[in-house]
Amino acid sequence: MLEEVTGAALIEAMADARGEERGLRKIGTSAGILHEQVRRMLAEGHPAREHPAR
């Protein structure tokens, strides 16, 4: 249940950042996930697994 709530909050925060014209790579770096996952999450509206920082 907590994962669903935090996932929804993450998507909302990423959508807000995207609305502020931030790039997918910067959003991904901040969220700890790949930019392609950010793109998919925003398109599909559900969370992906975290990716460790490189």
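Q: Where in this predicted model is the place of Glu21?
A: Glu21 sits in the loop between α1 and α2. Its phi is positive, about 65°, although Glu21 is not a glycine.

Q: Why does Glu21 count as exposed?
A: The relative accessibility of Glu21 is 73%. Exposed means over 50%, so Glu21 earns the word.

Q: What does the secondary structure of the protein come to?
A: There are three helices and zero strands. Reading from the N terminus, you meet the elements in the order α-α-α. Helix α1 covers residues 2-19, helix α2 covers residues 24-31, and helix α3 covers residues 35-44.

Q: What makes Met1, Leu2 and Val5 a patch on the surface?
A: Nonpolar side chains are joined into a patch within 5 Å, provided that each residue has over 30% relative accessible area and no salt bridge. Met1, Leu2 and Val5 form such a nonpolar patch, and together they have about 400 Å² of accessible area. Take Leu2, which is found in helix α1: its relative accessibility is 64%. That value is over the 30% needed for a patch, and because it is also over 50%, Leu2 counts as exposed.

Q: How do you know that Arg22 forms a salt bridge with Glu20?
A: Look at the closest N and O atoms of the pair, which are 3.1 Å apart. A salt bridge needs a side-chain nitrogen of Lys or Arg within 4 Å of a carboxyl oxygen of Asp or Glu, so Arg22 and Glu20 qualify. As general background, side chains of opposite charge can pair when their charged atoms come close.

Q: Why is Glu20 called exposed, and why does Arg22 count as partly exposed?
A: Glu20 has a relative accessible area of 52%, which is over the 50% cut-off, so Glu20 is exposed. Arg22 comes to 45%. Partly exposed covers the values between buried, under 20%, and exposed, over 50%, so Arg22 is partly exposed.

Q: How many salt bridges does a search of the whole structure find?
A: The search finds two. Besides the bridge of Arg22 with Glu20, there is one between Glu36 and Arg39.

Q: What makes the pair of Glu36 and Arg39 a salt bridge?
A: Their closest N and O atoms are 2.8 Å apart. Since this is within the 4 Å cut-off, the pair counts as a salt bridge. Both residues lie in helix α3, three residues apart, which is about one turn of the helix.

Q: Why do Glu36 and Arg39 count as partly exposed?
A: Glu36 has a relative accessible area of 32%, and Arg39 has 40%. Both values fall between 20% and 50%, so both residues are called partly exposed.

Q: How do you know that α1 and α2 meet?
A: Contact means heavy atoms within 4.5 Å. By that rule, Leu10, Met14, Ala17 and Arg18 in α1 meet Leu24, Ile27 and Ala31 in α2. The axes of α1 and α2 come within 10 Å and cross at roughly 145°. This crossing is right-handed.

Q: Why does Gly28 count as buried?
A: Gly28, whose place is in helix α2, has 0% relative accessibility. Buried means under 20%, so Gly28 meets the definition. Leaving aside residues up to four places away in sequence, Gly28 touches Ile33 and Val38. The C-alpha atoms of Gly28 and Val38 are separated by 6.0 Å, while the two residues are ten apart along the chain.

Q: What is the spacing of Glu12 and Leu42 in sequence and in space?
A: Glu12 and Leu42 are 30 residues apart in sequence and 8.7 Å apart in space, C-alpha to C-alpha. Glu12 lies in helix α1, and with a relative accessible area of 53%, over the 50% cut-off, Glu12 is exposed. Here is another pair to find: Glu36 and Leu24 are twelve residues apart in sequence, with 7.7 Å from C-alpha to C-alpha.

Q: What share of the residues in the protein is buried?
A: Buried residues make up 22% of the 54 residues. The protein exposes about 4,300 Å², and carbon and sulfur atoms supply 52% of that area.

Note on methods. Residues are numbered from 1 along each chain as its sequence is written. This is a predicted model: local features need pLDDT of at least 70, side-chain atom pairs count only at pLDDT 80 or more; totals for chains, interfaces and linings use all residues. Side-chain values use heavy atoms; hydrogens and water are left out. Patches are made of residues with over 30% relative accessible area and no salt bridge: like charges are joined within 9 Å, nonpolar side chains (Val, Leu, Ile, Met, Phe, Trp, Tyr) within 5 Å. Accessible areas come from the Shrake-Rupley method with a 1.4 Å probe; for residues, only the protein chains shown count as cover. Helices (H or I, at least four residues) and strands (E, at least two) are DSSP runs, numbered from the N terminus. Buried means under 20% relative accessible area, exposed over 50%, partly exposed in between (1.4 Å probe, protein chains only). Axes are lines fitted to C-alpha atoms, for helices over the stretch in contact, and angles run from 0 to 180 degrees between N-to-C directions. A crossing is left-handed if the near helix is turned anticlockwise from the far one by less than a right angle, and right-handed if clockwise.
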